[in-house]
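Visitor: I have a model on my screen and want to learn how to read it. Could you take me through it feature by feature?

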Amino acid sequence: MVWLQLRIVIGYGSLFGMETFSQRTSWSRGLTELESARVARVRSGAPVWDLTCANPTRQGFTYGREALASFLGVAEAYAPCALGLPEARAAVAAYICGQGGQVDASQVWIGSGTSELYWHAMTILCDPGACWLVPQPGYPLFDYVADLAGVRLARYPLAWDGAWYLQADALEQAVGASGARALVIISPHNPTGHVWTAAEREMVVDCCRRHQMALVVDEVFLDYPVDASASEPSVAGCEEVLTICLSGASKVAAFPQGKVAWGAVAGPGAEEFLGRAELVSDTYLHASTVIQAGLPALLKAAPAMQARVRARCRENLACARRRLAGTAVSVCGVPAGWSMLLRVPDTMDDIGWALRALQAEGVLVHPGYLFGMESVHSSPFLGVSLLLEASAFAEGIERLARLVEEGADAQVLEGGT
Ligand SMILES: Cc1ncc(COP(=O)(O)O)c(C=O)c1O
């Protein structure tokens with residue numbers, strides 16, 4: 001009997017040993033030090049001011065039952081369309097034209113998330129091992145998608161000199177060294193809020209043309225200029241290079257539960273790209289027809305929601321600027337988007353600051369390394385969401401400011417002055 005059990009254990013061991021699994025999904029799944037500390041704090045019953053929450057539905061941005069019902073279109077018969085329902089594609093094209101882009105419904109394809117459409121684009125453009133160039137710092141989105149698509153990532157820097165900007169030399173160097181097949185621009189960029197200028201756009205399009213790279217532009221935050229000057233038109237419809245513009249309802253309508261997103265394709269190779277996208281989409285038919293049928297209503301309701309979100313972001317940003325003025329913390333930029341980067345004194349690294357903020361003041365912030373900050377900028381940065389309900393945001397910022405001020409006082413005492 002014992003022998004039989006042993007055989008079963010050995011059998012399962014070799015059947016489900018690590019060699020059974022792929023390298024591409026061998027990601028570390030353990031809790032980070034910060035997450036472990038958060039869990040411990042919550043278990044102890046101590047309060048947490050979560051300044052990382054970027055889920056609009058948890059911060060009061062909801063539509064109400066009546067509007068929600070209008071976002072769902074239920075048809076008796078299932079009539080899937082791989083690139084998206086015609087009415088959904090037409091509504092997206094009209095929406096993009098309202099943002100200053102120039103596309104029609106035939107250039108649009110629909111999916112269940114911008115992240116999913118990145119994966120579509122990677123598999124359509126690249127064989128395994130090919131490279132995509134993505135910005136650093138950046139929201140941690142690409143590594144998993146690229147692993148799943150078998151694509152290698154290289155980074156180009158977003159530079160900071162009091163404002164964020166693209167450096168032509170550094171971009172050229174990264175393109176040359178990587179041999180990338182596609183270049184990703186995120187504008188407005190998460191988490192820096194950088195919005196590419198017309199000159200940067202011209203430089204990037206020229207770079208893509210010379211190196212025969214596709215241009216992939218993530219415009220999910222386009223409707224959220226925090227400073228009014230950061231309002232740039234959509235690049236969708238750019239004919240100079242193969243241009244794939246991605247966006248989706250999770251940001252455009254502050255409606256992540258909709259699970260609907262879109263891409264707009266233009267330029268040389270657009271027809272071939274869309275032909276392949278149709279087959280990729282047809283393989284899974286991920287995007288629900290229920291939500292696609294409601295997309296025209298959702299996009300109609302989106303601008304009012306965006307106005308509420310922009311007002312919240314502006315209010316919170318003004319609060320942070322006011323409270324942190326004259327302290328050793330600086331707010332870095334934020335022309336657009338839902339987040340804010342804070343530069344803190346280099347008396348500790350970013351994870352040290354994040355742990356200290358949580359343990360001493362109960363404030364949860366993102367350490368900058370999460371966005372790939374540490375390798376491009378020597379000062380520690382912390383990431384904070386601007387979506388928070390205003391009084392919780394103000395309390396969190398107050399606590400952060402106190403932490404830094406107390407740290408500065410302690411240094412003065414240690415220095416004996
Ligand atoms: C810049 C950017 N693009 C895309 C996404 C993912 O969007 P989706 O919810 O449509 O997958 C995010 C998520 O926060 C993001 O910050």
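The dialogue below goes through the sheet, the domains, the core and a few backbone features.

Visitor: What kind of model is this?
Guide: A predicted model: local features need pLDDT of at least 70, side-chain atom pairs count only at pLDDT 80 or more, and totals for chains, interfaces and linings use all residues. Residues are numbered from 1 along each chain as its sequence is written.

Visitor: In which order do the strands of the sheet lie?
Guide: Strands of a sheet pair through backbone hydrogen bonds, either parallel or antiparallel. Two strands count as paired if DSSP finds at least two bridges between them. Strands (E, at least two residues) and helices (H or I, at least four) are DSSP runs, numbered from the N terminus. Here 8 strands form an open sheet in the order 2-9-8-7-6-3-4-5, with mixed pairing. Strand 2 (108–111) and strand 5 (164–166) are the edges; each has a single partner strand, so one side of each lacks a neighbour in the sheet. From one strand to the next, the twist averages 25 degrees. Angles run from 0 to 180 degrees between N-to-C directions, with axes fitted as lines to C-alpha atoms, for helices over the stretch in contact.

Visitor: Which residue of strand 9 is the bridge partner of W109?
Guide: G263. Strand 2 and strand 9 pair in the antiparallel sense over 4 bridges. For the parallel sense, look at strand 3 (residues 131–136) and strand 6 (residues 182–186), which share 2 bridges. There, L133 has L183 as its bridge partner.

Visitor: Are the faces of strand 2 covered or open?
Guide: In a regular strand the side chains alternate between the two faces of the sheet. In strand 2, V108 and I110 on one side are buried, and so are W109 and G111 on the other; both faces are covered. Buried means 20 or more other C-beta atoms within 10 Å of the residue's own, exposed 12 or fewer, partly exposed in between, with C-beta atoms placed from the backbone. Helix 4 (residues 86–98) lies across strand 2 and strand 9 (261–266), at about 115 degrees to strand 2.

Visitor: How is the protein divided into domains?
Guide: The bounds come from an automatic or database domain assignment. Domain 1 is 31–54 + 338–415, and domain 2 is 65–302. Between them, 10 residues of domain 1 are in contact with 12 of domain 2. Contact means C-beta atoms, placed from the backbone, within 7 Å.

Visitor: Which residues touch the most other members of the largest nonpolar core?
Guide: Such a core is a set of buried Ala, Val, Leu, Ile, Met, Phe, Trp, Tyr and Cys residues joined through C-beta atoms within 7 Å. This one has 119 residues, and L183, L215 and V216 touch the most other members. Helix 11 (residues 289–324) gives the largest share, 9 residues. Among the residues that V216 touches are A121, L183 and I244.

Visitor: Where are the cis peptide bonds?
Guide: One joins S187 and P188, with omega about -5 degrees. Another runs from N190 to P191, with omega near 10 degrees. P188 sits in the loop between strand 6 and helix 8 (198–211), and P191 is in the loop between strand 6 and helix 8 too.

Visitor: Is Q212 buried or exposed?
Guide: Exposed, because 10 other C-beta atoms lie within 10 Å. Q212 has a positive phi of about 50 degrees although it is not a glycine. A254 also has a positive phi, near 50 degrees. But A254 is buried, with 24 other C-beta atoms within 10 Å.

Note on methods
Two residues are in contact if their C-beta atoms, placed from the backbone, lie within 7 Å. Lists of a residue's contacts leave out its neighbours within four places in sequence.
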